[in-house]
Amino acid sequence: MLFASRFFIGVGEAGCVVMGPALVAEYVSDRARGRMLAIYAMGMPLGGTLGYAVGGLVGPVIADWRDAFLIAGAPGIVLAVLL
């Protein structure tokens, strides 16, 4: 199950890394494109940093490490349903 989840994360990231900058370039004006691409590029390092910080704070509170996967996945499921 863990392998399958990592596999699908890799597939999703591969699609986003290729298509994300192209979509930003397509839909954002020339004047704001550099700023929007910088914000897009900050997503991965900022998310990784916040993951460690929030994990360190939430880790002692939750009972089992498996619960962390459920807590982290819930916002993604809600966003997927909304989209």
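Partly exposed means a relative accessible area between the buried limit, under 20%, and the exposed limit, over 50%. Arg-33, at 25% relative accessibility, therefore counts as partly exposed. The model described here is predicted. Its helices 1, 2 and 3 cover residues 2–27, residues 33–58 and residues 65–82. The structure also holds two salt bridges, one aromatic pair and a nonpolar surface patch of about 650 Å².

**Helix 1**

- Helix 1 runs over residues 2–27, which makes 26 residues.
- At 1.5 Å a residue, helix 1 should span 38 Å. Its end C-alpha atoms lie 36 Å apart, in agreement with that value.
- The helix 1 axis bends by about 35° at Met-19. A proline, Pro-21, follows within four residues.
- Leu-23 also sits in helix 1. Its relative accessible area is 43%, so Leu-23 is partly exposed.
- From Leu-23 to Pro-45 there are 22 residues in sequence. In space, the two C-alpha atoms are 20 Å apart.

**Helix 2**

- Helix 2 has 26 residues and an expected span of 38 Å at 1.5 Å a residue. The distance between its end C-alpha atoms is 36 Å, which agrees.
- Gly-43 marks a bend of about 35° in helix 2. Pro-45 is the proline that follows within four residues.
- Ala-53 belongs to helix 2. With a relative accessible area of 41%, Ala-53 is partly exposed.
- Ala-53 and Ala-63 are separated by 10 residues in sequence. Their C-alpha atoms are 18 Å apart in space.

**Helix 3**

- Helix 3 spans residues 65–82, with 18 residues.
- At 1.5 Å a residue, the expected span of helix 3 is 26 Å. Its end C-alpha atoms are 27 Å apart, and the two values agree.
- A bend of about 30° occurs in helix 3 at Gly-73. Here too a proline follows within four residues: Pro-75.

**Nonpolar surface patch**

- The patch is formed by Met-42, Leu-46, Leu-50, Val-54, Leu-57, Val-58 and Ile-71. Together they have about 650 Å² of accessible area.
- Helix 2 is the main contributor to the patch, giving six residues.
- Val-54, one of the patch residues, is found in helix 2. Val-54 has a relative accessible area of 45% and is partly exposed.
- Patch membership needs over 30% relative accessible area. Val-54, at 45%, therefore meets that cut-off.

**Salt bridges**

- Two salt bridges are present in the structure.
- In one, the side chains of Asp-30 and Arg-33 meet at 2.8 Å, N to O.
- Asp-30 is exposed, at 62% relative accessible area. Its partner Arg-33 is partly exposed, at 25%.
- In the other, the side chains of Arg-66 and Asp-64 meet at 3.0 Å, N to O.
- Arg-66 has a relative accessible area of 47% and is partly exposed. Asp-64, at 28%, also counts as partly exposed.

**Aromatic pair**

- A search of the whole structure gives one aromatic pair. The pair is made by Phe-7 and Phe-8.
- A pair of aromatic rings is described by the distance of the centres and the angle of the planes.
- For Phe-7 and Phe-8, the centres are 5.2 Å apart and the planes stand at 75°.
- Planes over 60 degrees apart count as edge-to-face, so the 75° between Phe-7 and Phe-8 puts the pair in that class.
- Phe-7 is partly exposed, at 46% relative accessibility. Phe-8 is exposed, with a relative accessible area of 57%.

Key: Residues numbered from 1 in each chain as written. Predicted model: local features only at pLDDT ≥ 70, side-chain atom pairs only at ≥ 80, totals over all residues. Heavy atoms only, no water. Patch = residues over 30% accessible without salt bridge, like charges linked within 9 Å, V, L, I, M, F, W, Y side chains within 5 Å. Areas by Shrake-Rupley, 256 points an atom, 1.4 Å probe, with all protein chains shown as cover. Salt bridge = Lys/Arg side-chain N within 4 Å of Asp/Glu carboxyl O. Helix = DSSP H or I, 4+ residues; strand = E, 2+ residues; numbered from the N terminus. Buried < 20%, exposed > 50% of the residue type's maximum accessible area, 1.4 Å probe, protein only. Expected span 1.5 Å × (residues − 1). Bend = angle between axes of the 7 residues up to and from the residue. Phe/Tyr/Trp six-rings, centres within 6.5 Å; stacked < 30°, edge-to-face > 60°.
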